[in-house]
Amino acid sequence: MPSSPKLLLHHGRPSQPSPRRSTVLILGCCLLIGFSGFIFGLGALLRPAAWQRCPYSGPRTVRVVWEKEGGGGSETGSSVGGRDVVRRKVMGFVGIQTGFESVGRRRSLRKTWMPADQQGLQRLEEATGLAFRFVIGRTKDQSKMSELRKEMAEYNDFLLLDIEEEYRMLPYKTLAFFKAAYTLYDCEFYVKADDDIYLRPDRLSLLLAKERTHTQTYIGCMKKGPVFTDPNLKWYEPSAYLLGNEYFLHAYGPIYALSADVVASLVALRNNSFRMFSNEDVTIGAWMLAMNVNHENNKALCEPDCSPTSVAVWDIPKCSGLCEPEKKMLELHQKESCSQSPTMQSDDEDD
């Protein structure tokens, strides 16, 4: 009878494969590598854009009342809560933070550096690459909401957030603003500004358009100083024990800009993963430290009077913006050093 098959274990030098077998193995490896490359390339083509990979977190965080869209700018698509959204392509979006008690401030802004009509806003956007909107939250006071809706219908220059409009909620409102702005606009920079500063949009445009080596950039008029531990002070910080005696370097609150990569990171994170301090500018500054962004200090964003280089003017350090802004805004606009610019309104357009 034939012997049973045996399992042969080879010790020492293994036998060499035949030339024909080697050729087959090489061809097989080449086909496998080529197929893997095809799959990888196909995946890259089908992979969503960066802003789609960091989706808007949904109505529980911020709900936007969609503004009427008009004017130029290329567009890309996104989806919010199952609803398609058109992201407008502009170089920068400037959100002017305002409140229900700031009707007079908005009136002064519309008479000075911010156009009061949609055609004017469109011309400003085309000249500077910047889109401007007032940013406001909601209130349970129905009479105030009714007045706001009338103003929105008249000027159509608001971004309305589904968050309570209260001073203590400013850090939350700021985060909601960046999330909403990122959802609606495809920008290189997102700018947070207050409604009590005198701004030169043309110079802000030039500042944002500069070539930079850092994709994660935080631009502002930077400061440091003692932490406010007195509960009677406006900027009292209840979490002072976490900060020590002195604040870290961060931008003054009236105006600062974050690059698109920075805002994308803010959008991607859950709200409860952020530590909120009492003051909005400190809160943003803490996040910027944690994200290891490049701090770009620019004093032209906090000049006390108009100059050949000023971008934003406000009464530093006496006030957190312009003192008596409704009056001061109009006074500054009468100065040639403040208002002379091809992108600023002329006196004939103020009425």
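Select K144 and E101. Their side chains meet in a salt bridge, 2.9 Å from N to O. The model is predicted. Now look at where the two partners sit. K144 belongs to helix α5 (residues 142–155), while E101 is in the loop between β4 (92–97) and α3 (103–111). The pair links distant parts of the chain, 43 residues apart. Is K144 buried, partly exposed or exposed? K144 is partly exposed, because its relative accessible area is 32% and the buried class ends at 20%. E101 is exposed, with a relative accessible area of 62%.

Next, select R106, R110, E151 and D157. Salt bridges that share partners join these four residues into one network.

**Into strand β3**

Go to E125 and R88. They form a salt bridge whose closest N and O atoms are 2.6 Å apart. E125 lies in helix α4 (residues 118–128) and R88 in strand β3, so this pair ties together parts that are 37 residues apart in sequence. Both E125 and R88 are buried.

Now pick R87 and add D186. Another salt bridge appears, with the closest N and O atoms 3.7 Å apart. R87 is in strand β3 (residues 83–89), and D186 is in strand β7 (residues 185–186). This pair also links distant parts of the chain, 99 residues apart. Check the accessibility of each end. R87 has a relative accessible area of 1%, and D186 has 16%. Both values fall under 20%, so R87 and D186 count as buried.

How many salt bridges does the count come to? It comes to 21.

**Helix α6 and its partners**

Show helix α6 (residues 170–184) with helix α8 (residues 260–268). Their axes come within 9 Å and cross at roughly 110°. That angle makes α6 roughly perpendicular to α8. The crossing is left-handed. To see the contact, select L175, F178, K179 and Y182 on α6. On α8, select A260, V263, A264, L266 and V267. By class, this contact has 8 nonpolar, no polar and 1 charged residues.

Keep α6 on screen and bring in helix α9 (residues 280–290). The axes of α6 and α9 come within 8 Å and cross at roughly 55°. Roughly perpendicular or oblique? That angle makes α6 oblique to α9. Here α6 passes α9 in a right-handed crossing. The α6 side of the contact is L170, P171, T174, L175 and F178. The α9 side is E280, T283, I284 and W287. Its classes are 6 nonpolar, 2 polar and 1 charged residues. Highlight L175 and F178: they are among the α6 residues in the contact with α8, and they also appear in the contact with α9.

**A covered helix**

Move to helix α7 (residues 201–208). This helix is mostly covered, with 7 of its 8 residues buried. Select P201, D202, R203, L204, S205, L207 and L208 to see the buried ones.

**Zoom out**

Finish with the whole chain. Its secondary structure comes to 11 helices and 13 strands. Of the 351 residues, 48% count as buried. Turn to contacts between residues at least 6 apart in sequence: 73% of these join residues at least 24 apart.

Conventions: Residues are numbered from 1 along each chain as its sequence is written. This is a predicted model: local features need pLDDT of at least 70, side-chain atom pairs count only at pLDDT 80 or more; totals for chains, interfaces and linings use all residues. Side-chain values use heavy atoms; hydrogens and water are left out. Helices (H or I, at least four residues) and strands (E, at least two) are DSSP runs, numbered from the N terminus. Buried means under 20% relative accessible area, exposed over 50%, partly exposed in between (1.4 Å probe, protein chains only). Axes are lines fitted to C-alpha atoms, for helices over the stretch in contact, and angles run from 0 to 180 degrees between N-to-C directions. Angles under 35 degrees count as roughly parallel, over 145 as roughly antiparallel, 65 to 115 as roughly perpendicular and the rest as oblique. A crossing is left-handed if the near helix is turned anticlockwise from the far one by less than a right angle, and right-handed if clockwise. Contact means heavy atoms within 4.5 Å. Ala, Val, Leu, Ile, Met, Phe, Trp, Tyr, Cys and Pro count as nonpolar, Asp, Glu, Lys and Arg as charged, and the others, Gly among them, as polar.
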